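Me: I'm new to reading protein models and would like a close look at one part of this one. Could you pick a spot and walk me through what surrounds it?

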Amino acid sequence: MRSKAPFPGPPVVHRPHSDLYREIEESVVLTHFIGGLPVAAGNPFPVHDPVTGAVVRQAHEADPEVVDRAVRAAREAARDWAAMPVGERAGWMRRLAEGIESRFDDLVAAEIADTGKPFDQTRTLDIPRGIANFRAFAEIAAQRPDDAFHLSGVLSYTVRRPLGVVAVIVPWNLPFLLMTWKLAPALVAGNTVVVKPSESTPGSAAVFAEICAEAGLPPGVVNIIFGYGASGQLLVEHPDVDGVTFTGSTRTATTIMKTVADRVKPISFELGGKNAGLVFDDCDLDRAIDGAVQSVFTNGGQVCLCTERLYVHRSIFEEFCARLASRAQEVEPQPMISLEHREKVLSYYALARSEGAKVLTGGGVPAFNDHRDSGYFVEPTVVTGLSEWSRFNREEIFGPVCHVAPFDSETEAIDLANSSDYGLAATLWTTGLDRAHRVAQRLEAGLVWVNTWYLRDLRTPFGGVKLSGIGREGGIQSLDFYSEPTTVTIKLEQPDA
């Protein structure tokens with residue numbers, strides 16, 4: 001149940017997709033998956049390859065009629081799916097995991113075409129985690145005990161029932177991993193779902209729809225629609241949707257909260273981060289540098305858990321900065337998901353300069369002199385010298401960049417880390433066991449890693465504080481969100497003496 005992202009290795013070569021598996025033609029138009037059937041409805045929209053900027057496929061955009069049809073299909077399937085014993089639903093989760101294994105290469109190809117991710121990362125992290133998600137939640141749900149409480153003459157116990165129809169809105173940065181991270185607990189808890197992946201990354205969801213059909217999953221249990229934010233808005237405001245789970249920006253989450261407030265629908269949000277890394281003078285410096293390279297630059301910095309603020313003890317600050325900048329120059333640039341996002345990241349590079357930053361490396365657009373020059377790349381970047389209250393240090397960038405600042409004391413380091421409006425994750429680099437426990441418990445973050453990063457046990461809670469989210473995913477916490485408890489209390493009559 002553990003998952004670890006690989007440390008950056010040798011430079012990644014972005015080969016043409018036909019070299020990987022098969023060409024994905026621009027003429028392919030992805031259809032919605034509703035009630036177990038493909039539905040070709042709505043205007044097609046283009047999906048671009050971030051590596052080259054070329055259109056790799058199209059997808060139909062869900063309009064109000066499509067959204068309503070998907071929700072109705074989920075509602076019609078909800079009663080029978082909820083009535084199925086949890087052990088049988090867990091068996092379906094295992095079958096879906098096997099289906100992913102059988103379509104592994106197709107999923108890798110779809111994910112690479114949409115995201116531009118390196119071949120090795122997609123094969124070793126993204127798709128395997130999808131398999132692990134279904135298998136992990138099958139076991140967690142099947143083995144979960146019910147609660148029971150005894151008083152003299154009284155027995156109280158709890159039973160849980162699914163929410164019903166859940167809207168699952170998935171981001172573009174880890175599309176398959178995060179879709180399955182939400183689907184597995186939602187389904188095994190007895191819900192039916194309508195999934196809306198990002199308009200930038202519909203490919204792996206379309207393959208997963210085929211996997212559901214091939215596995216014989218009851219029609220309507222999983223429904224997948226495509227489209228822009230307007231389609232997602234139609235979904236969350238639909239009166240027959242009983243709950244919403246969303247991973248993405250804090251701005252979009254506030255819109256969803258306002259939309260569902262009148263009906264008081266349950267929501268689960270995993271949102272942005274401005275994550276801090278603390279590097280103490282007693283750390284293993286080589287290990288800390290390796291960890292910083294991983295936590296800043298993995299996936300082009302387009303992971304909610306990536307580090308954008310590094311605080312380093314002043315006694316090792318200069319050496320750390322020099323070595324990190326040198327290592328950043330060796331990192332193979334990864335494409336941003338879209339031209340729009342690349343321009344956003346570049347605007348923050350310009351902002352850093354205007355606010356007085358010292359750019360240690362990067363800050364621009366790399367030149368490859370090949371097909372990648374038409375893609376959405378930016379340079380891995382390290383800056384220093386900015387105020388803690390600068391916009392650059394306050395706002396989430398979501399790119400391959402970090403600011404490095406010195407600190408003089410443990411208390412100062414903690415205060416700096418906690419000064420953000422966000423609180424998703426933090427990393428802590430120290431060889432002091434007492435310090436590790438002491439500092440970790442004072443950091444205002446949902447996850448704290450000590451001398452590592454992105455090491456996950458799927459049974460543990462995952463989520464953030466402050467502007468980084470509401471609720472927790474992972475293990476029992478996921479099952480708790482996707483179900484409601486009912487307490488049954490019985491007065492036990494005492495026999496006559």
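Reply: Let's start at histidine 403, which sits in strand β18. Keep in mind that this is a predicted model. Is histidine 403 buried or exposed? Its relative accessible area is 3%, and the cut-off for buried is under 20%, so histidine 403 counts as buried.

Now look at what the side chain of histidine 403 is doing. It reaches the backbone nitrogen of glycine 385 at 3.3 Å. The side chain of histidine 403 also makes a polar contact with the side chain of asparagine 393, at 3.4 Å. Leaving out residues up to four places away in sequence, histidine 403 touches Glu308, Arg309, Leu310, Val383, Thr384, Gly385, Leu386, Phe392 and Asn393.

Strand β18 itself, residues 401-407, is one of the elements that the buried residues of helix α10 pack against. So let's step over to that helix. α10 runs over residues 285-297, and with 13 residues at 1.5 Å each it should span 18 Å; the C-alpha atoms at its ends are 18 Å apart, so the two values agree. How many of the residues of α10 are buried? The count is 10 of 13, so you can think of this helix as mostly covered. Among the buried ones are Leu285, Ala288, Ile289, Val293 and Phe297. Besides β18, the packing partners of these buried residues include β14 (275-279), β15 (307-313) and α11 (314-328), along with β17 (381-384) and β20 (425-429).

The two ends of α10 are worth a look too. At the start, a side-chain oxygen of aspartate 284 comes to within 3.3 Å of the backbone nitrogen of aspartate 286. After the helix comes asparagine 299, with a positive phi near 60°. You'll find asparagine 299 in the loop between α10 and β15. Being in a loop doesn't leave it out in the open here: asparagine 299 is buried, with a relative accessible area of 8%. Its side chain reaches the backbone oxygen of asparagine 173 at 3.4 Å. Setting aside residues up to four places away in sequence, asparagine 299 touches Lys117, Gln121, Asn173, Leu174 and Gln334.

Back at β18, there is another helix to meet: the buried residues of α12 pack against β18, as well as β17 and α13 (391-394). The buried residues of α12 include His341, Arg342, Val345, Leu346 and Tyr348. Its 16 residues should span 22 Å at 1.5 Å a residue, and the end C-alpha atoms are 22 Å apart, which agrees. After α12 comes glycine 356, whose phi is positive, near 100°.

Finally, α12 takes us to the largest pocket. α12 (339-354) supplies at least two residues of its lining, and so does each of β5 (44-48), α8 (229-236), β12 (243-247) and α9 (250-261). The largest pocket holds about 1,400 Å³ of space. Which residues lie nearest its centre? They are Trp172, Glu199, Gly248, Ser249 and Thr252, out of 46 that line the pocket. By type, the lining divides into 21 nonpolar, 16 polar and nine charged residues.

Definitions and conventions: Residues are numbered from 1 along each chain as its sequence is written. This is a predicted model: local features need pLDDT of at least 70, side-chain atom pairs count only at pLDDT 80 or more; totals for chains, interfaces and linings use all residues. Side-chain values use heavy atoms; hydrogens and water are left out. Helices (H or I, at least four residues) and strands (E, at least two) are DSSP runs, numbered from the N terminus. The expected span of a helix is 1.5 Å times one less than its number of residues. Buried means under 20% relative accessible area, exposed over 50%, partly exposed in between (1.4 Å probe, protein chains only). Contact means heavy atoms within 4.5 Å. A polar contact is a pair of N or O atoms within 3.5 Å; within protein, one must be able to donate a hydrogen and the other to accept it, and residues adjacent in sequence count only if both atoms are side-chain atoms. On a 1 Å grid over the protein atoms alone, a cavity is a set of points where a 1.4 Å probe fits but cannot get out, and a pocket is an open set with protein on both sides within 12 Å along at least five of seven lines; lining residues have an atom within 4 Å of a point. Grid points are joined across faces, edges and corners, and a volume is the space filled by probe spheres set on the points. Ala, Val, Leu, Ile, Met, Phe, Trp, Tyr, Cys and Pro count as nonpolar, Asp, Glu, Lys and Arg as charged, and the others, Gly among them, as polar.
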